[in-house]
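The exercises below go from the whole chain down to single residues. Try each task with the structure open before reading its solution.

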Amino acid sequence: MYDFTIDQGSKAELYRDLHSALGALTDGESDAIANMANAAALIWQYLPDLNWAGFYRNVGGDLVVGPFLGKPACIRIAFGDGVCGAAAATRETQRVEDVHAFPGHIACDAASRSELVVPIVHEGRLIGVLDLDSPTPARFDAADAAGCEALVALLAPRLAG
């Protein structure tokens, strides 16, 4: 059983504690799905104001939904489609303040207003993306992007199998 103390003070402290907890949760575990599931649960539990937190996996050149928390999601997303597809195609973090203004946005949950998607790349190979949605416009800032990029950097080799 894991019992983490996650500091809800500054964002820097929050992400530092999330990083430490994620490291402990996934240490020594080689199963990618198990690691994604625990990561999604940890993020969902401690990051405020989310309505979806989870992963899309690179399966044969498409993004296929993986472990997540939130409402049912789109199952398959082509590279280049929507915010997740843009992150997969460019391999760059996508931080979108207003998803309704994003060209080609895929509305899996009409309540989502902002989104943060971080590509998961290990040794040059795209494994998938971490996707966070919020019902609040402009919910994600540069600190969230940097914090999630650090989480993904820790997680990537533990998902590569």
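A residue counts as buried when its relative accessible area is under 20%, as exposed when that area is over 50%, and as partly exposed in between. The model is predicted.

**Exercise 1. Overall build**

Task: State how many helices and strands the chain has, find their order, and find what share of the residues is buried.

Solution.
Step 1. Count the elements: the chain has four helices and six strands.
Step 2. Read them from the N terminus; the order is α-α-β-β-β-α-β-β-β-α.
Step 3. Check the compactness. The radius of gyration is 14 Å, close to the 15 Å given by the globule rule for 161 residues, so the chain is as compact as a globular protein of that length.
Step 4. Apply the cut-off of 20%: of the 161 residues, 47% count as buried.
Step 5. Look at the surface. The chain exposes about 7,400 Å², and carbon and sulfur atoms supply 52% of this area.

**Exercise 2. The nonpolar cores**

Task: Find which elements give two or more residues to the largest nonpolar core, and which of them gives the most.

Solution.
Step 1. Start from the core itself, which has 33 residues; L18, I43, L47, F55, L130 and L132 have the most contacts inside it.
Step 2. Assign the core to elements. Those giving two or more residues are the helices α1 (11-26), α2 (32-46) and α4 (142-159), together with the strands β1 (52-59), β5 (114-122) and β6 (125-134).
Step 3. Rank the contributions: α4 gives the most, with eight residues.
Step 4. Look for anything left over. A second, separate core has 17 residues, including W52, V96, F102 and V129.

**Exercise 3. Following strand β2**

Task: Identify the strands to which β2 is joined by bridges, and the bridge partners of V64.

Solution.
Step 1. Take β1 and β2 (residues 62-70): they run antiparallel and are joined by seven bridges. Here V64 is the bridge partner of R57.
Step 2. Inspect the turn. The hairpin of β1 and β2 has two residues between the strands, and in it G60 takes a positive phi near 60°.
Step 3. Move on to β3 (residues 76-78), which runs antiparallel to β2 and is joined to it by three bridges. In β3, R76 is the partner of V64.
Step 4. Inspect this connection too: five residues make the hairpin link from β2 to β3.

**Exercise 4. Positive phi outside glycine**

Task: Locate R91 and E123, and decide whether each is buried, partly exposed or exposed.

Solution.
Step 1. Recall the background: most residues other than glycine have a negative phi.
Step 2. R91 has a positive phi, near 60°, and lies in the loop between α3 (82-90) and β4 (94-96). Its relative accessible area is 41%, so R91 is partly exposed.
Step 3. E123 also has a positive phi, about 50°, and sits in the loop between β5 and β6. At 77% relative accessibility, E123 is over the 50% cut-off and therefore exposed.

**Exercise 5. A polar residue in a helix**

Task: Is N35 buried or exposed, and which backbone oxygen lies 3.1 Å from a polar atom of its side chain?

Solution.
Step 1. Place N35: it lies in helix α2.
Step 2. Its relative accessible area is 1%, so N35 is buried.
Step 3. The backbone oxygen is that of R158, 3.1 Å from a polar side-chain atom of N35.
Step 4. List the surroundings. Beyond neighbours within four places in sequence, N35 is in contact with T26, E29, S30, L155, R158 and L159.

How values were computed. Residues numbered from 1 in each chain as written. Predicted model: local features only at pLDDT ≥ 70, side-chain atom pairs only at ≥ 80, totals over all residues. Heavy atoms only, no water. Core = buried A, V, L, I, M, F, W, Y, C linked by side-chain atoms within 4.5 Å. Buried < 20%, exposed > 50% of the residue type's maximum accessible area, 1.4 Å probe, protein only. Pairing = 2+ DSSP bridges. Polar contact = N/O pair within 3.5 Å; in protein donor to acceptor, adjacent residues only side chain to side chain. Contact = heavy atoms within 4.5 Å. Rg over C-alpha atoms; globule rule 2.2 N^0.38 Å. Areas by Shrake-Rupley, 256 points an atom, 1.4 Å probe, with all protein chains shown as cover.
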